[in-house]
Amino acid sequence: MFKTLIAGALALTLGMTSLAPTPAQADMSNEEAWGALLGLLVLGAVIHESRKDNAAPVVNPRPNRNVIPTQCLRRIETRRGETVRMFGRRCMQNNFRGFNRLPERCEVSVRTDNGRRNGFRPRCLRNAGFTWNRH
């Protein structure tokens, strides 16, 4: 940043001194005109380089297809009183576009007091390359 500032000031100074007429000679010679043009080109290049550093980051237009909706993560209590974490199957079907790409090996079925609950094991999905936002 500091180098760019110094280079810009130097280019501006060189450009301005070659533009100023001397007291003895009011018209600009061909050599002075080229010097002024060169000074302006250098100044333009310095400004362009300084703006490149502050450019906004490029955002990937294609969203990550492997991000699972966190709202589908459930804590299910089994008939034995154990708590099992899983992504609910029906919720995933309704809210996750890549449902058909989920690995079958991650599916789990749990018996509860209200019947069977089907879903996907979070650790298995993570190992398969899927992610989700954790609260």
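## Nonpolar surface patch

Trp34, Leu37 and Leu41 make a nonpolar patch on the surface of this predicted model. The patch covers about 360 Å². Trp34 sits in helix 2, which spans residues 30-53. Its relative accessibility is 57%, so Trp34 counts as exposed; the cut-off for that class is over 50%.

## Overall layout

The protein chain carries four helices and four strands. Read from the N terminus, the order is α-α-β-β-α-β-β-α. The chain has 135 residues, and 25% of them count as buried.

## The largest pocket

The largest pocket has a volume of about 220 Å³. Its lining draws two or more residues from each of strand 1 (73-77), strand 2 (83-88), helix 3 (89-95) and strand 4 (115-120). Helix 3 gives the largest share, three residues.

The lining residues are Arg74, Ile76, Met86, Gly88, Arg89, Arg90, Cys91, Arg117 and Asn118. Sorted by class, the lining holds four charged, three nonpolar and two polar residues. Gly88 belongs with the polar residues because Gly is placed in that class. Cys91 counts as nonpolar because Cys is listed there.

## One salt bridge

The whole structure yields one salt bridge. Glu107 pairs with Arg89, and their closest N and O atoms are 2.9 Å apart. This pair joins distant parts of the chain: Glu107 lies in strand 3 (residues 107-112), Arg89 lies in helix 3, and 18 residues separate them. Side chains of opposite charge can pair when their charged atoms come close.

Both partners fall in the middle accessibility class. Glu107 has a relative accessible area of 36%, so Glu107 is partly exposed. Arg89 is partly exposed as well, because its relative accessible area is 27%. Arg89 also appears among the residues that line the largest pocket.

## Contacts across the sequence: Trp132

Trp132 is found in the segment after helix 4 (122-127). Its relative accessible area is 10%, so Trp132 is buried; that class requires under 20%.

Trp132 and Asn66 are 66 residues apart in sequence. In space, their C-alpha atoms are 8.3 Å apart.

## Contacts across the sequence: Gly115 and Arg105

Gly115 belongs to strand 4. With a relative accessible area of 30%, Gly115 is partly exposed. Its C-alpha atom lies 9.2 Å from that of Arg79. Along the chain, Gly115 and Arg79 are 36 residues apart.

Arg105 occupies the loop between helix 3 and strand 3. Its relative accessibility is 57%, so Arg105 counts as exposed. The C-alpha atoms of Arg105 and Leu125 are separated by 9.2 Å. Along the chain, the two residues are 20 residues apart.

## Helix 3 in view

Helix 3 recurs in several of these features. Helix 3 supplies three residues to the lining of the largest pocket. Helix 3 also holds Arg89, the partner of Glu107 in strand 3. The loop that contains Arg105 runs between helix 3 and strand 3.

Conventions:
Residues numbered from 1 in each chain as written. Predicted model: local features only at pLDDT ≥ 70, side-chain atom pairs only at ≥ 80, totals over all residues. Heavy atoms only, no water. 1 Å grid on protein atoms, 1.4 Å probe; cavity = no way out; pocket = protein on both sides within 12 Å on 5 of 7 lines; lining within 4 Å. Points joined across faces, edges and corners; volume = space filled by probe spheres on them. Patch = residues over 30% accessible without salt bridge, like charges linked within 9 Å, V, L, I, M, F, W, Y side chains within 5 Å. Areas by Shrake-Rupley, 256 points an atom, 1.4 Å probe, with all protein chains shown as cover. Salt bridge = Lys/Arg side-chain N within 4 Å of Asp/Glu carboxyl O. Buried < 20%, exposed > 50% of the residue type's maximum accessible area, 1.4 Å probe, protein only.
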